[in-house]
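Me: I've got a model open and I'd like to go through the labels people put on it. Can you take my questions one at a time?

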Amino acid sequence: MSALLLALVAGGVVGLALGALGGGGSVLAVPALIYLLGFTPAAATTASLIIVTVTSLTALYAHSRAGNVRWKTGALFAAAGLVPAAVAGAAANRLPQPVMTAAFAAVAAFAAVEMLRSRRSSTDGGSQPVRPVEAAGTGAGLGALTGLLGVGGGFLAVPALVTVLTFETQAAIGTSLLVISTNSLASLATRGATLAGLEWAVIAPFTGAAILGAWDGRKVANRISGTLLQRMFAVVLLAVAAFMLIDAVT
């Protein structure tokens with residue numbers, strides 16, 4: 001299968017995940033770029049940030065038109081992650097490739113377990129008060145994760161927005177895209193050294209397919225149970241995490 005076709009297929013899957021779940025696309029983008037398209041871990045995390053940033057901004061526009069974005073609260077949540085994202089992005093260039101692969105596998109496995117445990121679809125409209133300290137801490141953690149591993153953090157941002165800030169699910173998905181875009185841009189600002197050597201002939205079609213997939217993903221989310229979508233995605237993610245961890249230690 002040609003690199004172009006692989007990029008288009010992988011991009012479509014990543015976009016579907018982002019559009020349907022408000023996150024999770026980058027935890028598939030990185031392994032796809034490494035194992036299907038031959039990127040190094042460092043180049044894959046940088047390319048993933050580009051793909052996820054552009055795709056998230058596109059999906060954010062769609063969700064904002066539907067009234068699903070809480071701009072003020074989302075901006076404050078995202079602001080807490082700006083500095084951690086930039087610092088972690090600079091540090092990522094110095095990590096050995098096996099360490100990055102193992103760390104990414106661990107995060108992917110954690111995300112899968114959290115998705116399997118999540119009951120966010122039944123917690124909409126919660127009444128617990130907003131806890132600013134926890135919100136800031138969660139935002140900072142997501143920023144660091146984005147910068148270090150090239151993941152947008154939406155798979156953690158959505159449940160955090162539901163449980164910490166008591167958002168409804170659709171508002172959490174829409175607002176998480178604002179957080180993802182902001183953190184990814186902050187991390188990209190520190191990765192100038194790896195931008196020059198990227199394979200743009202692969203990244204461009206990958207991104208284009210992801211954008212189209214994100215629009216379709218939003219339609220899928222309206223037709224299929226959110227819990228079912230999460231569980232299906234989590235099973236795939238566990239398999240990817242196991243493969244990457246085995247690769248890192250062998």
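**Labels and their reasons**

Reply: Sure, starting with the fold: residues 24 or more positions apart make up 85% of the protein chain's contacts with a separation of 6 or more, a contact being heavy atoms within 4.5 Å. This is a predicted model, where local features need pLDDT of at least 70, side-chain atom pairs count only at pLDDT 80 or more, and totals for chains, interfaces and linings use all residues. Residues are numbered from 1 along each chain as its sequence is written, and side-chain values use heavy atoms, with hydrogens and water left out.

Me: How many helices and strands does the protein chain have?

Reply: Twelve helices and zero strands. Helices here are DSSP runs of H or I with at least four residues, strands are E runs of at least two, and both are numbered from the N terminus.

Me: What makes T207 buried?

Reply: Buried means under 20% relative accessible area, exposed means over 50%, and partly exposed is in between (1.4 Å probe, protein chains only). T207 has 8% relative accessibility, so it counts as buried. T207 sits in helix α11 (residues 200-221), and beyond its neighbours within four places in sequence it touches I51, V54 and T55. For the protein chain as a whole, 52% of the 250 residues count as buried.

Me: Why is L212 called exposed, and why is D216 called partly exposed?

Reply: Both are in α11: L212 and D216. L212 has a relative accessible area of 60%, so it is exposed. D216 has 41%, so partly exposed is the label. Each also has a partner far off in sequence: C-alpha to C-alpha, L212 is 9.9 Å from V13, 199 residues apart in sequence, and D216 is 8.1 Å from G15, 201 residues apart in sequence.

Me: What makes L4, L5, L8, V9 and V13 a nonpolar patch?

Reply: Patches take residues with over 30% relative accessible area and no salt bridge (a side-chain nitrogen of Lys or Arg within 4 Å of a carboxyl oxygen of Asp or Glu). Nonpolar side chains (Val, Leu, Ile, Met, Phe, Trp, Tyr) are joined within 5 Å, like charges within 9 Å. L4, in helix α1 (residues 3-21), has 48% relative accessibility, so it counts as partly exposed. Together the five offer about 410 Å² of accessible area on the surface, an area from the Shrake-Rupley method with a 1.4 Å probe, where for residues only the protein chains shown count as cover.

Me: Why is the pair of Y35 and F243 called edge-to-face?

Reply: A search of the whole structure finds one aromatic pair. The ring centres of Y35 and F243 are 4.9 Å apart and the planes are at 80°, so the pair is edge-to-face. The rule is that rings of Phe, Tyr and Trp (its six-membered ring) pair if their centres lie within 6.5 Å; planes under 30 degrees apart count as stacked, over 60 as edge-to-face and the rest as tilted. Y35 is in helix α2 (residues 26-36) and F243 in helix α12 (residues 226-249), 208 residues apart.

Me: How do you know that the span of α3 agrees with what is expected?

Reply: The expected span is 1.5 Å times one less than the number of residues. Helix α3 (residues 41-65) has 25 residues and should span 36 Å, and its end C-alpha atoms are 36 Å apart, so the two agree. α3 is mostly covered, with 19 of its 25 residues buried. After α3 comes G67, with a positive phi near 75°.
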